[in-house]
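Good morning, colleagues. I would like to take a few minutes to go through one structure with you.

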Amino acid sequence: MEALAEHFRETFTKVQGEVSRFIVGQNDIIEDVLISICCGGHVLLEGVPGVGKTSLVNSISQALSVDFKRIQFTPDLLPSDVIGTQVLVDKDGRRELEFQAGPIFCNLLLADEINRATPKTQSALLESMQEKTATVANVTHQLPSPFFVMATQNPIENDGTYPLPEAQLDRFFFKLEVGLPSHDDFFEILNRTGGKQVPQVEAVASGEDVIKMGETLREVPLAPEVQSYLVKLVRGTHPEGEDAHADVKQFVRNGASPRAGQAMLAAARAKALLDGRFHVAKEDIDAVALQALRHRMILSFEGEAEGVKTDQLIKSIISSIQY
Amino acid sequence: MKLESFIDRVSTRLNHALLLRALTVAGLIFGSVSIVIALVYICRGYAAPGWGYLVGGSLSLGALAMVVWRQRVTRDQAARYADQFFDLKDGVVSARFLTGEKGSAMQELQRKWLETRLQAVDARSIPLDFSRKLATLALILGLCAMTMSFVPASERVVSALADEQATLERSQEAVEQIQEVVSEMENDLSEDERQEIPMDELRKMVEDLKPHKDRSTVSRQFARVEQRAREMSKQLEQKQDEQSLEEAIKELKKSSNKQAKKLADQLEKSDIKAAQKELNKLKPKEQSKPLSKKEMAELRKKLENLREVSKRMAAGARANSASSASGAAGQGGGLGDEMAGMDLDAQQLEEMLKQLELSQMRNEKIDWTPYNEQVCKFCKSCDKVGCRLQAMKARQSAQCRLNKLCKNLSQCQNYCNKKGQSLCLSPVSGMKPGSASTDQRKDPGDELQANGDLQQLKGQKGAGPSLSKVEEAESGTGVSSNRITAKARDYSRQMEAFIERDNVPEELKSGVKEYFKTIHNTEMQ
C-alpha cells in the first residue's frame with residue numbers, strides 16, 4: 001500500500017510538473033484538474049478567452065499520453081456530431097448500416113465552449129459522462145477507459161449561449177475558474193511562448209496509471225467525525241435545513257446533491273495522499289469544497305439579483321459549521 | 001497505546017488549564033461576594049460576618065465544580081485539540097477511529113505517520129491558557145476580603161448587640177419565670193377560682209411567649225398577655241356587691257347586737273365560712289307543737305336577733321343602692337337584693353310569730369304550717385346570701401390573682417427593658433427573712449405588695465403631693481382656693497357626723513354622702 005501511495009504521489013507530481021512546463025502558474029487549477037482525473041471525474045473550466053484553458057487540457061492529454069479529442073461546440077452542432085452516427089456502407093456486396101463513432105470515443109474529450117451548443121447537443125453528453133457509454137440506434141457502446149470530459153465555457157459572452165442544465169452541471173466533478181495570470185506568471189508566459197522554441201510536453205503517465213491512482217484513492221480512510229463534517233457541509237448548502245446559514249436560506253434555491261459529497265470525499269482523499277497523509281482531514285474537505293460545490297448550488301432570483309457569489313456562500317457555510 | 005497516552009497527556013494539560021480558569025472564576029466570585037457582604041456590614045458598623053465568607057466560599061466552590069464538571073475536557077475533545085494545536089490535520093481523530101477498525105495496510109501507514117509526528121510534539125507545550133490579570137485580581141479581592149474580616153465592629157454596634165443579647169437573655173428568663181408563675185397559680189387555684197379564671201387561655205398565651213432580642217417585640221408580647229389578664233380581672237369586678245357588703249358590715253358594726261357585731265367582724269375579715277356558720281346559727285327551727293311562754297319568749301328573742309342582723313344588712317344594701325342610683329349606673333340585683341330579700345323574709349317571719357303569739361294568748365289553736373313555710377323561705381334566702389358571699393370571695397381571690405399576674409407581667413416587661421428587677425430578685429428588697437420567693441408569689445395577700453415596684457418605692461420626681469406645694473389663688477376673687485377646700489372639708493366632717501346618727505333615714509344618709517363625694521370629685525378634677 002505504501003508503494004501505491006508513493007506511486008500516486010510520484011505520478012501526480014510528474015504529470016503536474018510536465019504540464020507546468022507549458023502552463024505557467026495556475027498550479028491550483030492543474031492540481032484540481034489532475035485530482036478530478038484521478039477520481040474519474042469531469043471538469044468544467046470557466047474563464048475568459050486566452051487564459052490557457054484549452055492549452056491546459058492539451059498539455060494534460062500529452063502528459064498522460066491518452067487518446068485526446070476536441071469538439072468545438074457551436075449552436076449548429078448536433079448530438080450525432082458528438083456521439084457518432086450510423087452510415088450506409090458496402091460490405092461484401094451488401095449495403096448495411098455501420099456505426100461511425102463520434103469524437104466522444106476517446107480518453108480525454110475537450111468540449112470547448114460547451115455552452116454554445118444547444119441543450120439537445122449538451123444533453124448528448126449526459127449518458128457518456130455518467131455511465132461512460134454512448135447509445136446510438138438502441139445499441140450501447142462502451143467508451144474507452146479512462147474517460148474524462150474537460151469542458152470550457154466563457155463567462156462573459158452570454159449572447160447566443162445556452163446555459164448548462166442543472167443535471168449536466170451536477171455531473172461535473174469540479175468547476176474550476178481559471179483566472180488571469182499574475183504579473184510574474186504573465187512575464188514567464190511571454191518568455192516561454194514568445195521564442196523560437198515552444199516547450200514540448202512529454203508523456204509521463206498512461207491511462208492505466210490514472211486508473212491505478214483512482215483505485216489507491218479509495219483506500220484512504222475517513223474518520224466518522226470528518227465524514228460528519230462533510231455531510232454537514234453538503235447539507236448546509238440546502239436552504240430547507242433548520243440550521244442552514246441565513247444567507248443560504250435567503251439566496252439559495254437548491255443545494256448540492258449527494259453526488260457533490262461523493263466528489264468532495266474522493267477529492268479530499270487525493271488531497272490527503274498528496275499531502276503525505278493516509279487519512280482525510282477537515283482541511284482536505286475545505287480545500288475542495290469550493291470546486292465541488294460552486295456549480296451545484298442554484299441561486300434564487302434574489303441571489304441572482306443581488307449578485308451573490310456562490311463561493312462566498314460556501315465560505316460562510318464552512319465558517320458556520322461547528323467541528 | 002502511545003496514542004492514548006498522548007491524548008491523556010493533552011487532556012490532563014487542558015484540564016489543568018481549565019482548573020486554573022475555574023479557580024480564577026471561583027476566586028473572583030469568592031472575593032466579590034465576600035467583599036460586598038463585608039462592606040454592607042462594615043458600612044453599618046458591624047464586623048464582617050463569618051457567613052458572608054461561607055456564602056462566598058460556597059458560591060465559588062459551586063462555580064468551580066460547575067465549570068470543571070461542564071467544561072471538563074473529554075478524550076475526544078483532547079484529540080481534536082491536539083490535531084488543531086499541533087497541526088496534525090485530524091491525524092489523532094482518524095487514528096482513534098482506525099484503532100477500532102480491522103487492521104489494514106492504510107491503517108498501518110496512518111499509524112506510522114502519526115507516530116512520527118507525535119515524536120516531534122510534546123503535550124507540555126500546550127499553554128495553560130488562563131488570564132493572569134484576572135487571576136491576580138481574584139487574589140487581590142480574596143486578600144481584601146480576608147483583611148476585611150479583621151475590621152472590628154463599632155462601639156455603637158457592640159453595645160447594641162450586647163443589648164440585644166441581654167434582652168434575649170432577660171426575655172428568656174422572664175418568660176420562664178412568668179410561665180412558672182402561671183403554672184404555680186394554676187396549681188394553687190381552688191375549684192371556685194378555677195371557674196372564674198379561663199386558665200386554658202391564659203396558659204396558652206403564656207406558653208406562646210417567645211424570648212426575643214428586640215425589646216419592643218418582647219414588651220408587646222408581655223403587654224398583650226397583661227392586657228388580656230386585665231380584661232379578665234375587669235370581668236371579675238363586683239363593685240356593687242362589695243359596696244353592699246361594706247355598707248352591711250358598717251351597719252352591722254353599729255348594732256348593739258352581739259351576733260351582728262360578730263358577723264360584722266367575720267365579714268370584715270373575709271372569713272366567709274365563719275360568717276356562713278354565724279348566719280346558719282340565726283336560722284330559726286321549724287315548730288310543730290304549742291310553745292310555752294318561756295319558749296315563745298326565747299323564740300321571739302331569737303327572731304329579734306335575726307331581724308336585727310337582717311335589718312342592718314338590708315340597710316347597708318339599701319344605702320349602697322341609693323348611692324349607686326344617684327351616682328354611677330346601678331348594677332341592680334346582686335348581694336344587696338338578696339340581703340333585702342332576707343330581711344323581708346325575716347320581717348314576715350317576725351310578724352307571723354307575733355300573730356301566733358296573739359293566737360296563743362287568746363288560747364286559739366296554733367297552726368305552725370305557715371310559720372314553718374316562712375322559716376323555710378328565710379333559710380333559703382339566708383343560704384343564698386351565704387352562697388353569694390362565698391362566690392364573691394372566690395371572685396375577689398381570682399381577681400387578686402389576676403392583678404398579681406398583671407403586676408408580674410408588668411414587672412417582666414420592665415425587667416426586659418432593663419427598668420426593673422426580675423421576679424426572682426424582687427423579694428430581696430423587702431421580704432422578711434426566711435421567706436422564699438415562691439411564697440411571695442403564691443400568697444396573693446402578701447403584706448409587701450409594693451416590693452419590686454421601684455417606681456412606687458422611690459417615687460417619681462414631680463409626681464404626688466408635695467409638702468412644699470403652694471396652691472394658686474383664684475384670679476380676681478381674692479379668696480384662696482385653699483380656704484374653700486378647708487370649708488368644704490369642715491362641712492363634710494359635720495355632715496358625716498350627722499349621717500352617722502341612727503335615726504337618720506338611710507336614703508338621706510346615702511344622698512348626703514353622695515353629694516359630698518360629688519363635691520370631692522369636682523375638687524379633685
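I shall begin with a sheet in chain A and then turn to the contact with chain B.

Please keep in mind that this is a predicted model.

In chain A, five strands make up an open sheet, and their order across it is β2-β5-β8-β1-β9. The pairing throughout this sheet is parallel. Which strands stand at the edges? They are β2, residues 68–72, and β9, residues 172–177, both of chain A. Each has a single partner strand, so one side of each is left without a neighbour in the sheet. As for the twist, neighbouring strands are turned against each other by 15 degrees on average, with direction ignored.

Let us look at one edge more carefully. β2(A) pairs in the parallel sense with β5 of chain A, residues 108–112, and five bridges join the two. Within this pairing, R70(A) has L110(A) in β5(A) as its bridge partner.

A helix also belongs in this picture. Helix α3 of chain A, residues 53–64, lies across four strands of that chain: β1 (42–46), β2, β5 and β8 (148–153). With respect to β5(A), helix α3 runs at about 170 degrees.

I now come to the contact between the chains. Chain A contributes 16 residues and chain B contributes 13 residues. On the side of chain A that touches chain B, at least two residues come from each of α1 (2–22), α9 (224–235) and α12 (282–293). The largest share, three residues, is supplied by α9(A). What is the character of the residues on this side of chain A? Nine are nonpolar, one is polar and six are charged.

Note on methods. Residues numbered from 1 in each chain as written. Chains lettered and ligands numbered in written order. Predicted model: local features only at pLDDT ≥ 70, side-chain atom pairs only at ≥ 80, totals over all residues. Pairing = 2+ DSSP bridges. Axes fitted to C-alpha atoms, helices over the stretch in contact; angles between N-to-C directions. Contact = placed C-beta atoms within 7 Å. Nonpolar A, V, L, I, M, F, W, Y, C, P; charged D, E, K, R; others polar.
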